[in-house]
Amino acid sequence: MLVTQLPAVDSAAEICDLRSALGFLKSIPGQLAWTEHPVDPREELAAVYKQVGAGSPLPPPVGSGPALIFENLKGFSLPVVAGLLASRERTALLLRSSSARLPFDLLEALHHPLLPITVSHAEAPCQETILRPPFDLRTLLPAITHTSRDAGPYITLGLLRAEDPETGQADVTIHRLCLQGADRLSIYFVPGRHIDQFRAKAEAAGRSLPVSVSIGLDPAIYVAACFEPPTTPLGLDELTVAGALRRRPVELVDCVSVPAKALARAEIVLEGAILPGDRIREDAPSGSGCAMPEFPGYMGVAQPELPVLRVTAVTHRRNPIFQTLVGPALEHTNLTGIPTEASILRLVEDTMPGRLTGIYCHPAGGGKYLAILQFRKLSPSDEGRPRQAALAAFAAFPELKHVILVDDDVNIFDNDDVFWAMTTRYQGDASTVFIPGVRCHPLDPSQAPEFSPFLRAPGLSCKTIFDCTVPYAMRDRFRRPEFMPVDLAEYEIRS
Ligand code: MN
């Protein structure tokens, strides 16, 4: 589909799928760009989008910019959109929120879940076209490689949906999927993930697990799917949160070839099953030893043994749009970071309501390792409570490594302002709290015994709180200059 064919969408309230999201962005200056220049989805697309909008922590040069539609892919007939959620401001616009309000709005949605509904085949745009074997996913889908060392082409925004073979409870999660053959994909499950638990139960019973992979979705669905336990425990369908964000139930449809359901308004759906006992090396296509770039900013190691999804049908809309994430960089930060912010907020609100006035899971940690907490001290007894909030954040999210605490007069989304607080409101020996030897996350290469003699095993870390809040008793000494409020729009400033 070409940009000129996108529907005109005036309000984010009307967004119900990928193309209405793109139609909405088209009307906002600076949020959607496109190119008709021929681009190869292998290596070239990622290299281009890295500089346009994928952002840090990919190596320089990087840009933060619009989502980009590649209309002309070498060897493929589908267009590709990259970076839909690679900006926090854009993510907020698509969810009818603001950068600062996003975690608060997500928490509100968590408190008002809305169950998905199932629509008929005729009402499901994702089944306008049905392909049955034989087909070759490698020539059908413009799946991308980021570098010459990637294991193979990856589907980076495939939303898996499966049901617990024992309870029937549903789960949706994004997992990286590497094209391994004409009808085969490897799935990387980080240990403990819910659909992997379903897979293990099915395998223990000698059965296959039916699965759908939906690609090209309403951004609210992708964001909600990135909630993790303990906020969304096993059995909690993350689509109920997506429905709450849109105040409209998410629409599912029965698959045509397996007993599973898919996202009815997806652009493309892969249907299939994870077969018991079937495993493959992640880098079987290339033998490179690598997977793809991972969120901490380094190349991932290829997993030696991954479950395999056998695809039994591909269904899609007329003129489907393939959606991809490049990075994982800013888009990954928003997808994982904003739900994490809501999860931390939920825990802190329970114990000290109204004190946490802002939270930002920063791109430097890929949305997982570094959080900036903005705290309002209301009375002398609030002294020390920001550190208490940091401890709650560590409890809410075990992968969190560093917490920076600032007062509510600091802009947490402006690195300059945060570093200013860390410079003028921080004394290293008095304002730093070390929590050594705590379980963290194995993908941070500094979290290894070779790096620090205090770490007994990989994945342990010294969690650290940087308390850059002003002592309550000294608050007058730290008052910022007060300027009159003005509305810049009134000043007709030209350039
Ligand atoms: Mn889950």
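Buried means under 20% relative accessible area, exposed over 50%, and partly exposed in between, with a 1.4 Å probe and protein chains only. This is a predicted model, where local features need pLDDT of at least 70 and side-chain atom pairs count only at pLDDT 80 or more, while totals for chains, interfaces and linings use all residues. Residues are numbered from 1 along each chain as its sequence is written, and side-chain values use heavy atoms, with hydrogens and water left out.

**View A. The manganese ion and its protein donors.** D171 (OD), H194 (ND1) and E238 (OE) lie 2.0 to 2.3 Å from the manganese ion; donors here are N, O and S atoms within 2.8 Å of the metal (3.2 Å for Na, K and Ca), and since water is not among the atoms, sites may look incomplete. Along the sequence, the spacing reads D-x22-H-x43-E. D171 lies in strand β8 (residues 170-174) and E238 in the loop between α7 (219-225) and α8 (239-246), so this pair ties together parts 67 residues apart in sequence. Helices (H or I, at least four residues) and strands (E, at least two) are DSSP runs, numbered from the N terminus. D171 is buried at 1% relative accessible area, and E238 is buried at 2%.

**View B. Charged ends over rings.** R475 puts its charged end over the ring of Y472, 4.0 Å from the centre. For K368, the charged end sits over the ring of F295, 5.3 Å from its centre. To count, NZ of Lys or CZ of Arg must be within 6 Å of the ring centre and within 35 degrees of the ring normal.

**View C. V486 in its segment.** V486 is found in the segment after β23 (460-467). This residue is partly exposed, with a relative accessible area of 49%.
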